[in-house]
Amino acid sequence: DGAAPADGAAAPAPDGGDGEGAAEGGAGGEEGEEGEEEEVEKPAPPIQPPACRLGAGTASVEGKVYLFGGDATHIDGQNLFTNVLSIGTIAVDKGPSHKTIEKDDDISWQNVEVTGDIPPPRADFVMTTMDGKIVIYGGWDKHGNPLDDMYAFDPESNSWSCMYRSDGSTCPAQPISGFVQKRLFSIAGSRSTYDDVRVLEFGKISEQSQFVPKMTARVAEELEKLTAFEDAALANLSINPNDGKSEDEQRDLLLKVNSCIYEFKLQQPAIELQIDVLRDAVTLLQKQGINMDKPEAGLNEAGEKWGAVKKQAPVAKEAGKNVQEREALKIKKNIETFENRVKGNEVEFKKQPFFSYQTGVATSYDLIIKNREELLKFDAELADLASYARIFEFPELMDPSKQVQERCHHDLKQILQLWHMVDMIDYNLKHWNETLWDEIDCEAIEDGTKVLFKQLRAVDKSVKVTNAYAMAETNVKNFLSTIPLVSDLRHPSMRERHWNMLMELTGVKFVIDDKFKLSDLIDLQLHNFEDDVGEIVNRAQKEEKMEQALKKIGATWVTLEFVFTQHKDTDVQLIKLSEEDFETLEDHQLQVQNMMGSRYLSTFEEEVTGWQTKLSGVADVVTIMNEIQRTWAYLETLFIGSEEVKKELPEDTERFAGIDVDVKRVLKGFFEDKNAAVACNKEGVYKLLEETQHKLELCEKSLANYLEQKRRIFPRFYFVSTSDLLDILSNGNQPDKVNFHMPKIIAAVDHLDLEPGITSHDRPTAKGLDSCVGVEYIPFGKPLKIEGRVEFYLQDIQDRLIDSLRDILYASIKSFEAKKTILEWLSATPNQIILTVSLLFFTKDMAQTFKNIAGGQATAMKDFWQTKIDSLTELIDLVRTDLSKADRMKAMCLITLDAHSRDICQKLVNFEVTDFNHFEWQSQLRFEWRDAENDCFIMIVDAEFRYGFEYIGNGARLVITPLTDRIYVTATQALKLSMGCAPAGPAGTGKTETTK
């Protein structure tokens with residue numbers, strides 16, 4: 001009852017009992033009762049296991065329950081704190097293997113006699129199992145004081161050991177403790193927050209708990225060894241070498257004394273340090289409460305004996321002085337003799353056959369073993385003499401002999417390692433040489449050889465001067481340089497002709513079959529022909545690339561065909577190579593050209609030359625054929641389909657008829673063959689095409705002269721491309737087809753409004769035109785009957801357009817003055833005429849304004865400026881109404897122009913211009929209609945021009961800026977001086993529009 005869980009936390013201190021704790025022997029019990037001995041008159045009464053205990057600890061190990069401590073009820077009924085340990089055993093009927101406790105299990109209890117450092121009585125402590133042992137910590141004594149100690153119980157030996165003990169000064173107030181992974185955590189439980197935590201490392205505590213007994217045993221052991229050494233030393237130092245009956249006996253006694261003196265001198269610092277350490281250890285153990293009286297007495301005795309040894313050593317040395325001098329002369333002579341023998345052996349060692357490669361591995365191993373046995377004999381003699389030299393205090397005399405022996409041992413060891421290396425190299429090379437030709441893995445062999453070479457180079461430098469090393473290194477180097485050549489020779493590009501070249505080079509005949517091995521190639525001594533073999537392999541690889549390229553070229557051109565397209569509505573098929581095929585042609589030509597410049601051309605010279613000719617033929621024919629087809633195609637329409645050209649160029653027409661036959665015949669042959677390489681390399685094809693091209697050039701030249709004549713007649717043909725001009729000339733008799741090209745002749749004209757003739761043979765009549773810039777129709781003042789050649793009737797159309805625009809302008813000037821609303825006038829007038837009329841009236845009104853100023857009306861310019869603002873406001877209001885697309889464009893263009901007129905007025909007002917001839921006014925574009933000439937004139941500064949009436953349609957106008965005004969001045973002055981003018985500036989700034 002009341003037993004705490006094994007890993008439970010300790011509760012606050014109990015009220016405590018009235019009795020005393022019982023300790024069944026051990027220091028722990030005595031310590032628990034420290035300060036209370038005057039109250040203990042007799043041992044506490046025993047308790048019955050397990051007894052009634054409050055605050056006891058329980059733990060289970062290997063099927064047994066261990067109950068310790070607590071406030072127990074004893075036989076006499078007293079409640080006393082106890083440190084009795086009771087063990088409960090599970091009922092036997094469940095078998096010895098049963099190690100778990102269940103609810104209804106029967107348990108037999110008994111108290112256990114324990115030994116060791118027994119814990120004092122306590123209650124409410126932590127008890128747990130760890131590594132097969134029972135560990136308890138803390139709790140409260142009978143007075144309610146916290147205990148800060150830790151004990152471990154070993155169930156196998158039934159013994160307690162103290163792991164940790166303190167006065168509790170560092171323990172948290174009212175601690176709550178528990179074990180977690182071999183660490184003890186103690187947390188203060190006296191406040192609301194657990195912020196005072198102490199952690200003890202269990203492993204370190206365990207080590208500390210084992211220190212005292214181990215140290216005690218170690219002190220006793222070391223003290224025993226020290227005493228034995230001192231006793232033996234005193235006994236040997238008391239010997240007098242002169243007591244010997246013979247020189248040999250005296251020598252033996254002297255050796256015993258000198259050996260002891262030598263050992264004394266050698267061990268003196270360590271022994272004196274050991275004595276001091278033992279004194280410190282005894283003092284420390286005494287502080288731990290261990291009884292060290294006996295070890296302390298033994299240590300004092302050892303110190304006295306050591307003093308006696310130090311006093312006796314010089315006495316013993318002086319006593320054997322005569323014997324020592326005599327024996328020292330003998331030993332020195334023996335050392336000198338031995339040194340001469342060792343040096344002579346070294347000379348013979350250097351001459352041993354195992355330093356030569358010719359000796360061989362097996363013989364060298366035997367010789368090395370024999371020499372090692374001889375060196376070991378010398379080592380034994382060296383050891384004896386060295387011990388004598390050390391005892392007689394002249395060990396330096398043995399240094400020359402030691403050095404010679406060390407050199408011989410070192411060299412023997414290194415030469416042995418070298419022969420091991422040579423043996424491994426020979427084995428691997430032999431294994432690789434037996435590899436069949438088809439099974440050779442050059443990469444693996446080369447890697448293995450590099451490893452061997454690296455290991456060989458790593459041997460000691462003392463053997464690198466030997467013949468054995470030099471020959472082994474040469475063999476590996478030769479093999480290593482041969483393997484890459486073998487790898488190259490295994491390249492798939494090697495053909496029979498290349499092997500024949502290799503046989504001729506080496507002078508050895510061989511056959512590569514199933515029995516051919518690597519050794520057969522190694523025997524060729526390829527490392528002596530490294531550059532030549534490389535040249536053969538390089539030739540083979542380059543020839544293989546050439547061979548593969550030629551195969552690919554051949555496979556491509558066997559199937560490569562022309563791309564055919566039907567020529568108009570005829571059965572003639574025009575040819576061309578696709579873009580991809582043309583790139584292939586260029587690539588193959590480049591490859592063949594590179595082959596022609598190769599050093600290895602001879603093997604495939606005939607084939608390469610053949611492909612060079614074929615591909616050049618294809619390239620030449622395709623190039624010239626493209627030119628011929630293009631020229632023939634557009635000349636065909638003129639020389640065959642145009643009666644006018646036939647009439648004008650009869651000789652060239654006849655020439656072209658022959659060209660037409662030849663071209664169609666060649667194209668028919670290409671269509672039948674289809675394959676480009678076959679068709680282009682037929683005999684006579686290229687020559688025929690060259691002649692045809694020359695004839696076409698003559699026809700083109702005649703045609704160019706013919707077209708130049710037409711352009712001189714009607715200069716606007718210069719605006720038209722040659723192909724379009726040919727189409728216009730060839731369809732001159734069909735105005736409907738020429739009408740298609742009108743935007744190219746007059747930029748803003750989309751097409752003419754043609755009225756068909758009475759009969760199909762009559763030509764149509766032009767009644768007006770539709771603009772391609774915006775939406776606008778311009779009626780001709782008089783319908784124009786289209787007659788004559790095309791260059792003449794186009795000129796008539798242009799003249800009729802100008803006359804019509806002039807008539808419209810004159811009519812619009814009159815209608816502007818009599819208009820009812822601006823919208824009505826805008827709708828009935830072309831855009832170009834609207835702007836011209838606006839500028840005409842602006843110039844006229846401005847002239848009147850200057851007259852008013854001259855007449856004394858000082859505010860005339862400001863009044864006119866306000867008038868322009870009012871008219872602009874009226875236009876802006878008009879734009880906001882529902883207008884057609886064409887009318888809206890007209891209104892917007894008029895606003896743009898009137899805005900510039902307003903800006904001119906404002907500028908003149910700001911500059912206070914009052915004179916009509918002032919430059920600010922004269923530098924502006926001024927329009928004027930002159931009835932005498934019945935035409936519109938443009939004036940700027942001192943330049944004057946007729947208005948050209950070049951139709952520009954119903955398109956948008958750019959804003960006119962001060963920069964635009966300056967360009968107007970520059971451009972018009974250039975025109976006046978018959979010079980050119982080229983406006984320059986960023987894109988979108990209005991250069992083109994201003995020029996128009």
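The following legends describe close-up views of a predicted model.

**View 1. Model confidence along the chain of the predicted protein.** The mean pLDDT of the protein is 81, and 82% of the residues reach at least 70. Among the elements, strand E22 has the highest mean pLDDT, at 96, whereas helix H1 (residues 27-32) has the lowest, at 36. Over residues 1-42 the pLDDT stays under 50. For this stretch the model has 95 contacts beyond four places in sequence.

**View 2. The open antiparallel sheet formed by strands E21, E22 and E23.** The three strands are arranged in the order E21-E22-E23, with antiparallel pairing. Strands E21 (926-930) and E23 (943-946) stand at the edges; each has a single partner strand, so one side of each is left without a neighbour in the sheet. From one strand to the next, the twist averages 25 degrees. Strand E22 (residues 935-940) runs antiparallel to E23 and is joined to E23 by four bridges. Within this pairing, Phe937 has Arg946 in E23 as its bridge partner.

**View 3. Helices H23 and H29 packed on the sheet.** Helix H23 (residues 790-817) touches strands E21 and E22. The direction of H23 makes about 95 degrees with that of E21. Helix H29 (residues 962-976) touches strands E22 and E23, and its direction makes about 80 degrees with that of E23. Strand E22 is thus touched by H23 and also by H29.

**View 4. The packing of helix H17 against helix H19.** Helix H17 (residues 650-673) and helix H19 (residues 685-713) pack at an angle of about 145 degrees, and their axes lie 10 Å apart. The crossing of H17 past H19 is left-handed. On the H17 side, the contact residues include Phe656, Ile659, Val663, Val666 and Phe670, together with Asp652, Arg655, Asp662 and Arg665. On the H19 side they include Leu688, Leu689, Leu696, Leu698 and Cys699, along with Thr692, Lys695 and Ser702. By class, eleven nonpolar, two polar and five charged residues make up the contact of H17 with H19.

**View 5. The surroundings of Leu725 in helix H20.** Leu725 belongs to helix H20, which spans residues 722-730. The relative accessibility of Leu725 is 0%, so this residue counts as buried. Leaving aside residues up to four places away in sequence, Leu725 touches Leu707, Arg711, Phe717 and Val720. Lys710 lies 15 residues from Leu725 along the chain, and the C-alpha atoms of Leu725 and Lys710 are separated by 9.3 Å.

Terms used
Residues are numbered from 1 along each chain as its sequence is written. This is a predicted model: local features need pLDDT of at least 70, side-chain atom pairs count only at pLDDT 80 or more; totals for chains, interfaces and linings use all residues. Side-chain values use heavy atoms; hydrogens and water are left out. Two strands pair if DSSP finds at least two bridges between them. Helices (H or I, at least four residues) and strands (E, at least two) are DSSP runs, numbered from the N terminus. Axes are lines fitted to C-alpha atoms, for helices over the stretch in contact, and angles run from 0 to 180 degrees between N-to-C directions. Contact means heavy atoms within 4.5 Å. pLDDT is the predictor's confidence in each residue, from 0 to 100. A crossing is left-handed if the near helix is turned anticlockwise from the far one by less than a right angle, and right-handed if clockwise. Ala, Val, Leu, Ile, Met, Phe, Trp, Tyr, Cys and Pro count as nonpolar, Asp, Glu, Lys and Arg as charged, and the others, Gly among them, as polar. Buried means under 20% relative accessible area, exposed over 50%, partly exposed in between (1.4 Å probe, protein chains only).
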